[in-house]
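Student: Before I rely on the words used for this model, I would like to go through them with you and see what stands behind each one.

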Amino acid sequence: MSTRRWTLGMAVVLAAGAPIVLDAGTAQAATPTCNTSVSYTTVHGFGTTIPAAGRNVSCLLARGNSGSAVKALQVSLNECYGESLARDGIFGTGTQAALRRAQSRVGQTADGVYGPRTRDALHWRVAGFACDRVNGPG
């Protein structure tokens, strides 16, 4: 499976075969809900699994969401941030609180909502129970 790195601030949407570039505000409003998880390569070349919407890794998760995207987040919150969440794929109050704690630790706004900025700031579980970032300095 191919891997991609995403740039924040702009999104490209294909409509009728022609690309349309959206500004950052519009792109954020159009950010889809994560509904699956995909293999991704970290900054140091390790493979990990992160939330996605189809193959789009610029997606959102919040309380009330469920599925493999939430489970991927729960795994990394447990392995990289010492949480003890059930890996049940349900984004409830426990997952929200754990995400807020992790966001605080990495200098993000602790709003309990997973999005592209949180994705890039968090460490993700990689082979050998190590943790690494998907973008930026490790």
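Student: How much area does the chain expose, and what share of it do carbon and sulfur atoms supply?

Tutor: Bearing in mind that this is a predicted model, the chain exposes about 7200 Å², and carbon and sulfur atoms supply 53% of that area. Buried residues make up 38% of the 138 residues in the chain.

Student: What is the order of helices and strands along the sequence?

Tutor: The chain has four helices and six strands, and read along the sequence they follow the pattern β-β-α-β-β-α-α-α-β-β.

Student: What makes E3 and E4 a strand pair, and in which sense do they run?

Tutor: Two strands pair if at least two bridges are found between them, and strand E3 (residues 36-41) and strand E4 (residues 47-52) have six bridges in the antiparallel sense, so they count as paired. One of the partnerships joins Thr 36 to Ala 52 in E4. The hairpin has five residues between the strands, and in it Gly 45 takes a positive phi near 85 degrees.

Student: Why is the pair of Tyr 114 and Trp 124 called edge-to-face?

Tutor: Ring centres must lie within 6.5 Å for a pair, and planes over 60 degrees apart count as edge-to-face. The centres of Tyr 114 and Trp 124 are 6.0 Å apart and their planes stand at 90 degrees, so both conditions are met and the pair is edge-to-face. By this rule the count comes to one aromatic pair.

Student: Which parts of the chain does the pair tie together?

Tutor: Tyr 114 lies in the loop between helix H3 (93-105) and helix H4 (116-121), while Trp 124 belongs to strand E5 (residues 123-126), so the pair ties together parts that are 10 residues apart in sequence.

Student: How do you know whether Tyr 114 is buried or exposed, and what of Trp 124?

Tutor: Buried means under 20% relative accessible area; Tyr 114 has 0%, so it is buried, and Trp 124, also at 0%, counts as buried.

Student: Which residues touch the most other members of the largest nonpolar core?

Tutor: They are Leu 61, Leu 73 and Leu 77, in a core of 24 residues. The elements giving two or more residues to this core are E3, E4, helix H2 (68-81) and H3, and H2 gives the most, with six residues. Leaving aside neighbours within four places in sequence, Leu 73 is in contact with residues including Leu 61, Phe 91, Leu 99, Tyr 114 and Trp 124.

Definitions and conventions. Residues numbered from 1 in each chain as written. Predicted model: local features only at pLDDT ≥ 70, side-chain atom pairs only at ≥ 80, totals over all residues. Heavy atoms only, no water. Phe/Tyr/Trp six-rings, centres within 6.5 Å; stacked < 30°, edge-to-face > 60°. Buried < 20%, exposed > 50% of the residue type's maximum accessible area, 1.4 Å probe, protein only. Areas by Shrake-Rupley, 256 points an atom, 1.4 Å probe, with all protein chains shown as cover. Core = buried A, V, L, I, M, F, W, Y, C linked by side-chain atoms within 4.5 Å. Contact = heavy atoms within 4.5 Å.
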